[in-house]
Amino acid sequence: MRTKHLQAVIFGPQGSGKGTQGSLLSERLNIPLIGAGDLFRAEMADKKSTLGQLVGQYVNQGLLVPDELVNAVMARHLKRMDLAHGFILDGYPRNVEQATTLDRILQINLAIHIKIDDEDVIRRLNGRWQCPECKSVYHETEAPPAKKGICSLCGEKLFRREDDKEEVIKQRLKAYHYMTAPLANYYRQRGVLLAINGAQPIHYVFEDIVKKISKLGFVT
Ligand SMILES: [Zn+2]
């Protein structure tokens, strides 16, 4: 069987571990992981970019960046990159409208959907504590520090990110289901959807992905 390069998007709710899986996969396959967030930060940091300044106006007010702008930033960066040996795109597209635009820029041959129930997301994120100093992340039940509330590595007092509070998580999940979940249908219809059970431990999720993409004929 001929193998092909992975030209993938990866998506799932926050707390699904999609970022971790994306970077593990990128290392294993030696292909770039393109984080939409990083491209946006780079664009906004570029003082000469009119596009970046426009985006900044929305971001600084905490507003959703319109699809037209999101698509323009992504197109600009993606067209400059050497993606001949494959890539994984994380954080874009976020909705069907963006996905149809992406299809005009790049050929996507796999959409990895990391699936996880809302209750599991809430349990994972709600119990999370972070170290302000070394950025280590702990979990009340799954990865507790040796001493409650104290970083095991550097001894700093741990804190809970605003994003990890239950009400905030619930709001974001609602937005996710409304905008991003229809992506699964879109990619299913195109025959490129790969659904993965994200409720398993990180290592199992990763092995699951590798096994399945290898079966599909991708270079692993
Ligand atoms: Zn620390």
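Four donors count as tetrahedral if all angles lie between 85 and 135 degrees. That cut-off is used for the zinc site in this predicted model.

**Close-up 1. Four cysteines hold the zinc ion in a tetrahedral arrangement.** The protein donors are the SG atoms of C131, C134, C151 and C154. They lie 2.3 Å from the zinc ion. The four donor atoms subtend angles of 100 to 119° around the zinc ion, so the arrangement is tetrahedral. Along the chain, the donors follow the spacing C-x2-C-x16-C-x2-C.

**Close-up 2. Two of the zinc donors, C151 and C154, seen by their accessibility.** C151 has a relative accessibility of 3%. Buried means under 20%, so C151 counts as buried. C154 has a relative accessible area of 37%. Exposed means over 50%, and partly exposed lies in between. C154 is therefore partly exposed.

**Close-up 3. The second largest pocket and its lining.** About 150 Å³ of space lies in this pocket. Aromatic side chains in the lining include W129 and Y138. H139 and E140 also line the pocket, as do P144 and P145. K148, G149 and L158 belong to the lining too. By class, the lining residues divide into five nonpolar, two polar and two charged.

**Close-up 4. F11 and Y187 form a tilted aromatic pair.** The structure holds two aromatic pairs, and this is one of them. The ring centres of F11 and Y187 lie 6.4 Å apart, with 40° between the planes. F11 lies in strand β1, residues 7-11. Y187 lies in helix α8, residues 182-189. The pair therefore ties together parts that are 176 residues apart in sequence. F11 is buried because its relative accessible area, 4%, falls under the 20% cut-off. Y187 counts as buried as well, at 0% relative accessibility.

**Close-up 5. Y186 and Y187 form an edge-to-face aromatic pair.** Centre to centre, the rings of Y186 and Y187 are 5.2 Å apart. Their planes stand at 75° to one another. Y186 and Y187 are both buried. Together, F11, Y186 and Y187 form one aromatic cluster. Y187 takes part in the tilted pair with F11 and in the edge-to-face pair with Y186.

Methods:
Residues numbered from 1 in each chain as written. Predicted model: local features only at pLDDT ≥ 70, side-chain atom pairs only at ≥ 80, totals over all residues. Heavy atoms only, no water. Donors = N, O, S within 2.8 Å, 3.2 Å for Na, K, Ca; no water. Tetrahedral: all angles 85-135°; square planar, octahedral: opposite > 155°, others 65-115°. Buried < 20%, exposed > 50% of the residue type's maximum accessible area, 1.4 Å probe, protein only. 1 Å grid on protein atoms, 1.4 Å probe; cavity = no way out; pocket = protein on both sides within 12 Å on 5 of 7 lines; lining within 4 Å. Points joined across faces, edges and corners; volume = space filled by probe spheres on them. Nonpolar A, V, L, I, M, F, W, Y, C, P; charged D, E, K, R; others polar. Phe/Tyr/Trp six-rings, centres within 6.5 Å; stacked < 30°, edge-to-face > 60°. Helix = DSSP H or I, 4+ residues; strand = E, 2+ residues; numbered from the N terminus.
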